[in-house]
Amino acid sequence: MKRCKKLKSELPSMKRCTKLKMAMKRRKKLKSELPAMKRCTKLESELPDSVISYIFSKLALKDLVKTSALSKRWVHEWGLRTDLNFDLHTMFDSNTIQVPNTFPLYQRLHFQSEFATRLDQFMLHYKGAIIHSIRVKFPLVNPLHGDAISNAINRLISKGIAKGVKRIELLLSSYSVTSYILPLTLLSGNHSLTYLHLQDCLVAEPLDYCTGFNNLTTLVLDLISVTPKLVQSMCSIWTHLVDLTLDACRYPSDLIINHSTLLRLNIVNCKVYIRSCLTIIASNLSSFEYSCNDDYQVHPINIQAHMLSKFSFRGIEFFKPVGFSGLKNVTTIVLDGEIENLSMDILPYLFSECLQLEDVTFKNFRHMSSIEIITGPKLRHLKIIDCGWADYSPSEIAIDAFNLSSFEYSAHIPRIISITAPKLLKVFWNASPGRKTPHLLDPIARLSHIENLSMIILTSQIEELTKVLVRFQNLRQLELLIEGGYDPSRDYFWILDIAMASQHLQKLSLTIRNLHREHSHIVEFKRQKREYTGFSHNDLKHVEFHGCVGSINVIELANDLLRSATSLNKMIFSSRDKAYIGAGRWTRDANDRRRRTIFCGVGGCRWFGENVIHEMLKDEVNEQCQLIIL
């Protein structure tokens, strides 16, 4: 009891001590931040307004307000930015707020209400005279619940229109059946808006009284039901439209897009709920892309666009629902994912109907049987990627194109290929599927005049490849992706043999994907290094090593290149693999559909030692060469 009474008597003094300690800590913190405050004052006085505004445009809204503590001048500067972005990351602390669909419904409704409140609060204090862009990205729970979020967005748009906004993005993916309803009268009379992106919105009708969209050139509709009335009104009021994208939209009935100023049209990621026909009438259309994610059918498409030069199609069927009648003047075509037979349903008509073709890409055709003869008087670029994967027997492909300058080929089943192309300079070739195929590299061997070669090979094919490439005297760029198990007895000096034969070689890129063999990497550096005698090169300027390139064999190769390539100015080491795999795709690309690919490690090679590589190579790096280790 006496101890308790004593503690009670000492309590006020203990509280005073605690407050004193806290005050001392705050004082110490202020002293530590004083140099930073002085730097901010100096920054404020030295930088022009345009630079400061640009810096502020790169900050999130929640960070902008914090800058008011650094400078009196900046107290209101955050309210002068011209590009306004409202999303989960800019409006809330992303470290503490989870994605709303993880919350119960009542919490999500509260979260939506809080978003609307913060949006209104920001715009209430916004003092800027000009707004360039508005972006709202928020997953709506129920836009009709209290109308708070809808009213907040409408007020934001009204203020943006009044301040000359040029770009508006409303990305409002909804968790409910109902969606945000955009009254286009809010935009009516606006002459500054050039870009409009609407996601999962409903456009209020009627549109007949909307005017003033003289400068709108780009329209993106995403997850929207596109009706004939909407399209008709769209084409009549947006008379200067140049780019139109319909992404994952629904088409409840036949659609006619008739617009004379349209240059680029994208109808992508659609599904066929109703087999409605799409008619495109656009006298100035130059580019059209269509992609359908339906496994069973596509939309019938009628194309009336005599200026169309670039056409891309991804879907289950092409010949019957689309055909070639509207593609007479096309110069670039991409056909992807058809179940039709490339040899029987496409090739007999393509080059006879489309006489202007210069760039042709075939991807992921299910069947490619029988003998094909690919020829075209103007054909310059040809890509055949992953076609015939449902066939079990190889077929012959004969290519006869006098003006062909680049060719790319990759297939699940190796095929016999004959190429007659005297102007061919650039080739991509995937030899890895032909693990046990004899004479797989024979077509490459007949192309010794090419200057740029990119290949995917297996470790078991290295010896045969070396015999082929030492005859290539005109190579200027060589890129190799090597896959397969690690062989400790094999070095990489064979690449020096190829470089010696190609004295005009300027760029070399090597990407290695090995099986998970820990002993194949840095642990072998204790052994004595070997050297390659007699190598010299005067033109090689750029060398890259990617993937599992931390082994002593690769380091030995790098040493010789640094020592004997007199013009070398850059050498790059990276644990992440980077190699071209055809049709504009690279390894680790989201569009890389290849299967059974074995990586050394997620996020890069697990045994890649930056410090060790630097120590092993630093003595060979001269002043003109950069050694970059990523």
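Select Phe428 and Tyr580: both residues are buried. You are looking at a predicted model, and this tour starts inside it.

**Stop 1: an edge-to-face pair**

Keep Phe428 and Tyr580 on screen. Their rings form an aromatic pair, with 5.4 Å from centre to centre. The angle between the planes is 85°, and the pair is edge-to-face. Now colour the strands. Phe428 belongs to strand β22, residues 426-430. Tyr580 belongs to strand β28, residues 580-582. The two residues are 152 residues apart, so this pair links distant parts of the chain.

**Stop 2: the whole chain**

Zoom out. The chain has 13 helices and 30 strands. How many of its 630 residues count as buried, as a percentage? The figure is 48%. Next, think about contacts between residues with a separation of 6 or more. Residues 24 or more positions apart account for 60% of these contacts. The chain exposes about 31,300 Å², and carbon and sulfur atoms supply 54% of that area.

**Stop 3: a tilted pair and its cluster**

A search of the whole structure finds 18 aromatic pairs. Select Phe288 and Phe311 for one of them. Their ring centres are 5.8 Å apart. The planes meet at 50°, so this pair is tilted. A tilted pair falls between the cut-offs: under 30 degrees counts as stacked, and over 60 counts as edge-to-face.

Find the strands that hold these rings. Phe288 is in strand β12, residues 287-292, and Phe311 is in strand β14, residues 310-314. They are 23 residues apart, and the pair links distant parts of the chain. Are these two residues buried or exposed? Phe288 is buried, with a relative accessible area of 1%. Phe311 is also buried, at 1% relative accessibility.

Now widen the selection. Add Tyr290, Phe313, Phe318, Phe319, Phe324 and Tyr349. Together with Phe288 and Phe311, these residues form a cluster linked by ring pairs.

**Stop 4: Arg167 and its two partners**

Select Arg167, Tyr195 and Glu169. The charged end of Arg167 sits over the ring of Tyr195, 3.6 Å from the ring centre. Arg167 also meets Glu169 in a salt bridge, at 3.2 Å from N to O. Check how covered each partner in the bridge is. Arg167 is partly exposed, with a relative accessible area of 32%. Glu169 counts as buried, at 13% relative accessibility.

**Stop 5: more salt bridges**

The structure holds 14 salt bridges. Go to Asp120 and Arg155. Their side chains meet in a salt bridge of 2.5 Å, N to O. Asp120 lies in helix α5 (residues 105-125) and Arg155 in helix α6 (residues 148-162), so the bridge ties together parts that are 35 residues apart in sequence. Asp120 is partly exposed at 25% relative accessibility. Arg155 is partly exposed too, at 46%.

Move on to Glu353 and Lys328. Their closest N and O atoms are 2.4 Å apart in a salt bridge. Glu353 is in helix α8, residues 342-353, and 25 residues separate it from Lys328 along the chain. Glu353 counts as partly exposed, at 29% relative accessibility. Lys328 is partly exposed as well, with a relative accessible area of 41%.

Then select Asp560, Arg563 and Glu620. A network of salt bridges links these three residues.

**Stop 6: a buried acid without a bridge**

Select Asp222, in strand β7 (residues 218-222). Asp222 is buried yet has no salt bridge. Which side chain of opposite charge is nearest to Asp222? It is Lys137, 7.8 Å away. A salt bridge needs the nitrogen within 4 Å of a carboxyl oxygen. Show what surrounds Asp222. Leaving aside neighbours within four places in sequence, its contacts include His197, Leu198, Asp247 and Cys249.

**Stop 7: Glu372**

Finish at Glu372, in strand β17 (residues 372-375). Glu372 is buried, with a relative accessible area of 3%. Draw a distance from its C-alpha atom to that of Ala398. The two atoms are separated by 5.9 Å, while the residues are 26 residues apart along the chain. Not counting residues up to four places away in sequence, Glu372 touches Ser343, Leu347, Ser395, Glu396, Ile397 and Ala398.

Note on methods: Residues are numbered from 1 along each chain as its sequence is written. This is a predicted model: local features need pLDDT of at least 70, side-chain atom pairs count only at pLDDT 80 or more; totals for chains, interfaces and linings use all residues. Side-chain values use heavy atoms; hydrogens and water are left out. Rings of Phe, Tyr and Trp (its six-membered ring) pair if their centres lie within 6.5 Å; planes under 30 degrees apart count as stacked, over 60 as edge-to-face and the rest as tilted. Helices (H or I, at least four residues) and strands (E, at least two) are DSSP runs, numbered from the N terminus. Buried means under 20% relative accessible area, exposed over 50%, partly exposed in between (1.4 Å probe, protein chains only). A charge sits over a ring if NZ of Lys or CZ of Arg is within 6 Å of the ring centre and within 35 degrees of the ring normal. Contact means heavy atoms within 4.5 Å. Accessible areas come from the Shrake-Rupley method with a 1.4 Å probe; for residues, only the protein chains shown count as cover. Lys and Arg count as positive and Asp and Glu as negative; His and the chain ends are not counted.
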